[in-house]
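Here is a friendly walk through a structure, in the form of questions and answers. Keep the 3D view open as you read.

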Amino acid sequence: MSDADESPSGGCDRESAGSTFATDGGTAESGDARAVSRSGDSLLERLFSRREVGVFFGFLVLFGLIAVTRPDVFFNWGSMSGITSRLFRSVAPYIIIGIGMTYLIIGGEFDLSVGSMYAVGGITFAMLLNDFNLTVLAALAAVLVVGGVVGLTNGVIVTKAGVPSLITTIGMMSVLRGIAYYFTPAGSRQTPDLALIDVFGGSITVAGLEIQNQIFWAIGLTVVFGFLLQKTRFGYHVYATGDDQAAADMAGIDTDRVKIVNFVLTAVLASFAGVVAISYFGSMFGSAGIGFELLVIAAVVIGGTNLFGGEGTLLGMFLGSLVIGVIPVLLVLNGMPVELQEFLTGVVIIVAVLLDILIRR
């Protein structure tokens with residue numbers, strides 16, 4: 001069905017166009033052709049106006065630069081499969097944490113404590129398995145509860161005490177980091193050799209390409225929470241809260257509750273990302289996750305989420321995470337020193353955010 005069919009005004013225009021060109025068969029035919037052309041152009045415009053398309057194109061460009069700068073690696077299946085595997089493994093934590101962060105930013109807040117929550121989640125998981133002999137599922141449940149309590153604390157302080165989320169989550173970031181260091185006196189915590197841990201940290205190999213289970217978790221959670229964000233009443237409330245909180249309050253939406261739920265979701269997913277990571281690597285240091293909060297926020301914003309709330313998608317965040325992940329891969333393959341990698345990654349993030357602001361204006 002064309003756009004004209006969908007709108008009442010479009011239907012009237014279409015009828016008047018038909019009567020106008022009825023005196024000339026050739027002209028009527030060209031008018032119909034123009035109508036089809038306009039419909040096609042409108043579809044393409046809508047497609048390319050979506051931020052996700054631009055982000056995906058940017059990822060393809062960056063990924064394609066590997067072929068230009070390192071064809072010896074790009075066209076070698078053994079090398080490229082390993083690089084692709086590491087790329088998706090590295091962005092899986094960003095995606096899992098980014099789900100909650102997207103909800104939070106769309107709702108008008110953000111959380112700078114997710115990197116520390118990631119470390120505490122993984123370390124707590126290992127500690128419960130080793131020191132308290134809990135089963136894997138019991139330890140996972142306990143870790144998610146810890147994350148929920150942290151998120152609830154953040155949300156209540158922000159919404160009920162009126163402390164800005166910047167201050168609240170910076171403070172929580174330091175608290176959680178201190179906890180992570182305290183419980184890793186030997187430097188790191190290790191997970192025991194339990195079969196069920198492979199559900200989170202295992203992998204499968206397809207055509208020589210190793211695919212870690214954490215990638216499946218990242219994709220699955222993105223699909224589930226993407227549906228909830230786009231197709232449920234709560235998702236609508238998240239958008240409404242971030243777009244205009246005063247109007248949302250007047251419409252009867254409990255915006256404080258929405259924000260608290262978003263803080264809880266973000267912290268729970270950050271702790272789960274820590275569980276998935278330590279299950280794969282087998283150990284985690286107290287310094288794990290430092291800087292994650294900035295990379296996750298950058299991925300969310302690059303993916304099209306409005307830093308000021310009210311707009312964004314999980315698909316965009318997913319693609320933004322791939323952009324963030326492919327940059328260091330490209331730089332490492334071209335022998336860039338670590339200092340320059342950090343510098344160029346920062347430049348890309350700043351430019352992407354500036355472009356986002358300029359596009360919205």
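The questions below concern a predicted model, taken topic by topic.

Q: What is the volume of the largest pocket, in Å³?
A: Let's start with the lining, which counts 32 residues. Among them, the closest to the pocket's centre are Ser90, Tyr94, Phe292, Leu295 and Pro328. The volume of this largest pocket is about 850 Å³.

Q: Which element gives the most to the lining of the largest pocket?
A: Several elements supply at least two lining residues each, including α14 (255-281), β4 (283-285), α16 (314-333) and α17 (338-360). The top contribution is seven residues. The element that gives those seven is α6.

Q: How many residues in the lining of the largest pocket are nonpolar, how many polar and how many charged?
A: It helps to go class by class here. Charged residues number three and polar ones nine. The nonpolar class completes the lining of the largest pocket, with 20 residues.

Q: Is Leu294 buried or exposed?
A: Leu294 sits in helix α15, which covers residues 292-302. Its relative accessible area is 57%, and the cut-off for exposed is over 50%. Leu294 is therefore exposed.

Q: What distance separates the C-alpha atoms of Leu294 and Leu112?
A: Along the chain, Leu294 and Leu112 are 182 residues apart. In space, their C-alpha atoms are separated by 7.6 Å.

Q: Are the rings of Tyr103 and Phe225 stacked or edge-to-face?
A: A search of the whole structure finds twelve aromatic pairs. In the pair of Tyr103 and Phe225, the ring centres are 6.2 Å apart and the planes stand at 90°. Planes over 60 degrees apart count as edge-to-face. So the rings of Tyr103 and Phe225 are edge-to-face.

Q: How many residues apart in sequence are the parts that the pair of Tyr103 and Phe225 ties together?
A: Tyr103 lies in helix α6, while Phe225 lies in helix α11 (residues 213-231). Tyr103 is buried at 2% relative accessible area, and Phe225 is buried at 17%. Because the partners lie in these two helices, the pair ties together parts that are 122 residues apart.

Q: Which helices hold Trp217 and Phe272, a pair that links distant parts of the chain?
A: Trp217 and Phe272 form an edge-to-face pair, 5.2 Å centre to centre with 70° between the planes. The two residues are 55 apart along the chain. Trp217 is in helix α11, and Phe272 is in helix α14.

Q: Which of Trp217 and Phe272 counts as buried?
A: Buried means under 20% relative accessible area. Trp217 has 29%, so Trp217 counts as partly exposed. At 8%, the residue that counts as buried is Phe272.

Q: Which residue in the hairpin of β2 and β3 takes a positive phi?
A: Strands β2 (residues 203-206) and β3 (residues 209-212) run antiparallel and are joined by four bridges. Ser203 stands opposite Gln212 in β3. The hairpin has two residues between the strands. The residue with a positive phi, near 55°, is Ala207.

Q: How far apart do the end C-alpha atoms of residues 136-157 lie?
A: The unreviewed UniProt entry annotates "transmembrane region" at several spans, among them 136-157 and 315-334. Residues 315-334 are 95% helix, with end C-alpha atoms 29 Å apart. Residues 136-157 are 100% helix and 0% strand, and their end C-alpha atoms lie 32 Å apart.

Key: Residues numbered from 1 in each chain as written. Predicted model: local features only at pLDDT ≥ 70, side-chain atom pairs only at ≥ 80, totals over all residues. Heavy atoms only, no water. Buried < 20%, exposed > 50% of the residue type's maximum accessible area, 1.4 Å probe, protein only. UniProt positions renumbered as here; feature names shortened; annotations may be inferred. 1 Å grid on protein atoms, 1.4 Å probe; cavity = no way out; pocket = protein on both sides within 12 Å on 5 of 7 lines; lining within 4 Å. Points joined across faces, edges and corners; volume = space filled by probe spheres on them. Nonpolar A, V, L, I, M, F, W, Y, C, P; charged D, E, K, R; others polar. Phe/Tyr/Trp six-rings, centres within 6.5 Å; stacked < 30°, edge-to-face > 60°. Pairing = 2+ DSSP bridges.
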